[in-house]
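Let's take a friendly walk through a protein model together. Keep the picture open beside the text, and find each residue as we come to it.

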Amino acid sequence: VRRNNRSGIAGVSFKSARPGHPGYWMAITYTAGKGSVSKAFSVAEHGDEKAKKLAVAERQRQLKQKRSENRS
């Protein structure tokens with residue numbers, strides 16, 4: 001986990017589009033040779049804690065999918 005990662009979870013980070021914007025939590029997973037998969041959850045829509053929890057759950061789903069694809 002990088003030093004500036006506010007979530008404490010690799011692959012989950014907070015992004016702010018511009019000053020004054022509430023921002024969003026993002027889950028992102030990279031796969032060698034296939035690029036990345038990402039999904040963002042708006043703080044304005046979900047609130048900070050729920051958006052973060054949704055991003056963590058999405059990251060876990062992405063990792064599970066990546067592992068199952070690697071077994072195939």
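## A buried glutamate and its partner

Glu58 is buried, with a relative accessible area of 9%, in a model that is predicted. Its value falls in the buried class because that class covers everything under 20%. Arg61 counts as partly exposed, at 40% relative accessibility.

These two side chains meet in a salt bridge, with 2.8 Å from N to O. Look for both in helix α2, where Arg61 and Glu58 lie three residues apart, about one turn of the helix. Side chains of opposite charge can pair when their charged atoms come close.

## A second salt bridge

How many salt bridges are there by this rule? The count comes to two. Besides the pair inside α2, the side chains of Glu69 and Lys34 meet in a salt bridge, at 3.8 Å from N to O. Glu69 lies in helix α2 and Lys34 in the loop between β2 and β3, so this pair ties together parts that are 35 residues apart in sequence.

Now check how open each partner is. Glu69 counts as partly exposed, with 36% relative accessibility, while Lys34 counts as exposed, with 59%.

## The sheet and the helix on it

Step back and you can follow the whole chain: there are two helices and three strands, and from the N terminus on the elements run β-β-β-α-α. The three strands make an open sheet with the order β1-β2-β3 and antiparallel pairing. Strands β1 (12–15) and β3 (35–42) stand at the edges with a single partner strand each, so one side of each has no neighbour in the sheet. From one strand to the next, the twist averages 30°.

Strand β2, residues 24–31, runs antiparallel to β3, and eight bridges join the two. To see this pairing at one spot, find Ala27, which stands opposite Lys39 in β3. Helix α2 (residues 48–71) packs on the sheet and touches β1, β2 and β3. The direction of α2 makes about 10° with that of β2.

## Two rings, edge to face

A pair of aromatic rings is described by the distance of the centres and the angle of the planes. The structure holds one aromatic pair. Phe14 and Trp25 form this pair, which is edge-to-face, with 5.3 Å centre to centre and 65° between the planes. It counts as edge-to-face because the planes are over 60 degrees apart. The pair links distant parts of the chain, with Phe14 in strand β1 and Trp25 in strand β2, eleven residues apart.

Is Trp25 buried or exposed? Trp25 is buried, with a relative accessible area of 2%. Phe14, its ring partner, is partly exposed, at 22%.

## The nonpolar core

Trp25 has another role to look at in the picture: it belongs to the largest nonpolar core. This core has seven residues: Val12, Trp25, Phe41, Val43, Ala51, Ala55 and Val56. Helix α2 gives the largest share, three residues.

Val43 is a good place to look around. Leaving aside its neighbours within four places in sequence, Val43 is in contact with several residues, including Phe14, Trp25 and Ala51.

## The chain as a whole

The C-alpha trace spans about 45 × 20 × 20 Å along its principal axes. Of the 72 residues, 25% count as buried. Among the contacts with a separation of 6 or more, 33% are between residues 24 or more positions apart.

Definitions and conventions:
Residues are numbered from 1 along each chain as its sequence is written. This is a predicted model: local features need pLDDT of at least 70, side-chain atom pairs count only at pLDDT 80 or more; totals for chains, interfaces and linings use all residues. Side-chain values use heavy atoms; hydrogens and water are left out. Two strands pair if DSSP finds at least two bridges between them. Helices (H or I, at least four residues) and strands (E, at least two) are DSSP runs, numbered from the N terminus. Axes are lines fitted to C-alpha atoms, for helices over the stretch in contact, and angles run from 0 to 180 degrees between N-to-C directions. Contact means heavy atoms within 4.5 Å. Rings of Phe, Tyr and Trp (its six-membered ring) pair if their centres lie within 6.5 Å; planes under 30 degrees apart count as stacked, over 60 as edge-to-face and the rest as tilted. Buried means under 20% relative accessible area, exposed over 50%, partly exposed in between (1.4 Å probe, protein chains only). A nonpolar core is a set of buried Ala, Val, Leu, Ile, Met, Phe, Trp, Tyr and Cys residues joined through side-chain atoms within 4.5 Å. A salt bridge is a side-chain nitrogen of Lys or Arg within 4 Å of a carboxyl oxygen of Asp or Glu.
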